[in-house]
Amino acid sequence: MAFVRNLKPSGLSWTHYKQQTIIFNTWNRAIALPVSSVVLSGNDTVKSFADLPGPVNLPVVGTSWSFLVGKKGESLGKRILSVQRDHVNKYGNILKQSLAGHTMVEIADPADVTKVLRSEAKYPQRFEFPILDYYREKRQKIPGVFFADGPEWYKLRSVLSKRMLRPKQVADYASGFNDIITDFVYRLRSVREPKESAHAYEVSELDNELFKWSFESVAEMLFDKRFGCLEPQVNEEAQIFIKAVGDFLHNAVVVGFLPVWFYKIYETQQFKEFSNNFDIMYKYAELFIERRIKELKAKPHDSTRLEEDKAGFFEYLLSSGKLTIEDLLACVIDVLFAGVDTTSNTMQWVLYMMAKHPNRQEILRHEVISVLGNETIASPTDLSQMPYLKAWVRETLRLYPVLSALFRILPTDMVLSGYNIPAGTQVNVLAYYMSRDESIFKDAHEFQPERWLRDKEPHSSKFIDSKEVFSSTPFGFGTRMCLGRRIAELELHLLLARIVQQFDIRYPPDADDVQPYNRGVTIPDRPLRVQFVDSTFYSVLKSSL
């Protein structure tokens with residue numbers, strides 16, 4: 001099937017143009033045939049989509065081979081990150097890829113990123129994930145707010161944003177989050193290795209402990225109830241769900257490299273595991289929802305709670321009248337999926353930066369203690385007085401962004417780095433590469449929270465410009481900014497403040513450095529080892545009791 005399309009950019013006057021022919025490739029995505037460049041005026045020339053450089057596009061595998069050919073012994077998770085640097089060095093700040101059967105453009109120029117992120121349509125589209133669409137088609141499931149598009153996405157987003165993005169409503173979760181943090185800190189002390197052991201003050205399987213904290217926090221927000229993840233006997237159902245999320249992300253990276261039609265012919269073992277992971281997530285989310293609905297039905301109805309905006313998050317969603325049970329299930333899945341693994345892994349990197357930068361940890365401690373003292377539990381108002389603490393999290397996310405790339409589908413034709421990119425093209429912002437680009441960030445590989453502070457703040461450096469802002473957007477930008485951003489930031493800031501009050505975080509002298517690894521999200525490539533040593537204040541307090 002072939003059709004002819006005029007690729008003339010909107011609003012530009014061409015002196016001449018050639019007819020552009022586009023054909024659908026075997027995976028039903030458009031690849032432009034080679035044509036001549038188009039002269040706009042004077043010496044300005046816009047090249048065609050077909051002129052974009054990039055790896056050789058092979059049958060079936062497309063350009064995914066370039067992620068598999070690397071240093072000997074380098075794992076795929078590391079290669080996904082290093083290939084961003086390799087491709088930019090070889091092809092420049094804009095290049096073309098063909099993955100999972102469709103063509104996309106990757107960009108690493110701040111000017112292009114700014115243009116893409118500031119050009120959102122009413123219903124912005126983030127990315128295409130064909131293998132996930134195929135799973136939903138087989139299981140007859142609808143997408144939630146994270147994966148939906150168009151009016152359906154807007155409906156879901158409008159309902160959820162009232163409780164997830166409005167500062168006043170988000171602040172109301174602080175009390176529950178702080179109770180969870182109190183239990184989490186107690187658990188850290190109970191499970192860490194004793195001083196006399198070879199791994200003194202370390203917490204075995206720290207990633208899993210942080211998953212429990214994150215799940216308990218998100219579940220508290222969603223269902224207005226505790227799940228017991230931090231009890232000595234951990235909630236088995238929550239633990240199964242947490243494991244399914246991690247396995248899903250790991251398998252999604254691998255199965256996403258092949259086109260859907262391949263799995264329709266032959267389902268690999270990894271695809272079967274990927275499907276099973278999602279089945280488990282749905283099974284337990286349905287179980288959690290059914291139980292909460294029964295609990296709410298058993299309670300006396302109080303319409304004033306809704307009118308006064310005092311209803312819990314789930315109660316609010318259920319009574320909004322705008323969501324079906326299927327919508328509710330899909331949204332709960334998305335919020336749990338997007339909120340548990342991402343926040344817990346970010347906290348791993350926050351702790352790693354504390355352990356590796358003891359001098360800056362002291363600056364952080366001075367700020368926290370100056371605002372809270374040694375005992376006061378932080379509130380959202382207190383956090384507003386801690387710019388260095390917030391800069392710490394932001395700088396951590398610059399070096400270790402949750403997602404190594406941000407995704408958008410262009411609503412209109414757009415000229416990027418001199419190339420005409422047609423509407424409907426998926427554009428991937430190479431977030432991991434850009435955040436470590438020395439031409440964008442001075443001392444890009446150095447951990448410097450000060451770079452995010454304004455001149456009026458202590459320990460500040462020259463304030464960042466828009467080039468740096470759009471080169472590190474860990475929560476996205478605009479209308480499709482991460483829905484859970486304010487929730488995640490509140491969780492991280494409250495926990496970090498408490499950790500600073502309670503512990504001195506140290507790096508074991510015999511521990512190897514960890515490196516970033518892509519498993520759907522950016523995680524440490526090996527178990528993180530840090531020591532939770534009681535702070536001076538806590539030690540004195542304990543000895544006096």
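Contact means heavy atoms within 4.5 Å. The model used here is predicted.

**Exercise 1.** Work out how helix α5 lies against helix α14, and which residues meet.

*Solution.*
Step 1. Locate the helices. Helix α5 covers residues 150-164, and helix α14 covers residues 325-356.
Step 2. Take the geometry. The two pack at an angle of about 60°, and their axes are 12 Å apart.
Step 3. Name the arrangement. The angle makes α5 oblique to α14. Angles of 65 to 115 degrees would count as roughly perpendicular, and those under 35 degrees as roughly parallel.
Step 4. Add the handedness. The crossing of α5 past α14 is right-handed.
Step 5. List the contacts. From α5 come Glu 152, Lys 155, Leu 156, Leu 160 and Met 164. They meet Asp 327, Cys 331 and Val 335 of α14.
Step 6. Sort by class. The contact of α5 with α14 has 5 nonpolar and 3 charged residues, with no polar ones.

**Exercise 2.** Trace the open sheet of 4 strands and find the helix that packs on it.

*Solution.*
Step 1. Read the order. It is β6-β7-β11-β8, and the pairing is mixed.
Step 2. Find the edges. These are β6 (94-99) and β8 (406-409), each pairing on one side only.
Step 3. Check the twist. On average, neighbouring strands are turned by 30° against each other, direction ignored.
Step 4. Look at one pair. Strands β7 (residues 102-107) and β11 (residues 426-429) run parallel, joined by 4 bridges. Glu 106 has Asn 428 in β11 as its bridge partner.
Step 5. Place the helix. Helix α3 (residues 110-117) packs on the sheet and touches β7, β8 and β11. The direction of α3 makes about 120° with that of β7.

Technical notes: Residues numbered from 1 in each chain as written. Predicted model: local features only at pLDDT ≥ 70, side-chain atom pairs only at ≥ 80, totals over all residues. Heavy atoms only, no water. Axes fitted to C-alpha atoms, helices over the stretch in contact; angles between N-to-C directions. Parallel < 35°, antiparallel > 145°, perpendicular 65-115°, else oblique. Left-handed = near helix turned anticlockwise from the far one by under 90°. Nonpolar A, V, L, I, M, F, W, Y, C, P; charged D, E, K, R; others polar. Pairing = 2+ DSSP bridges.
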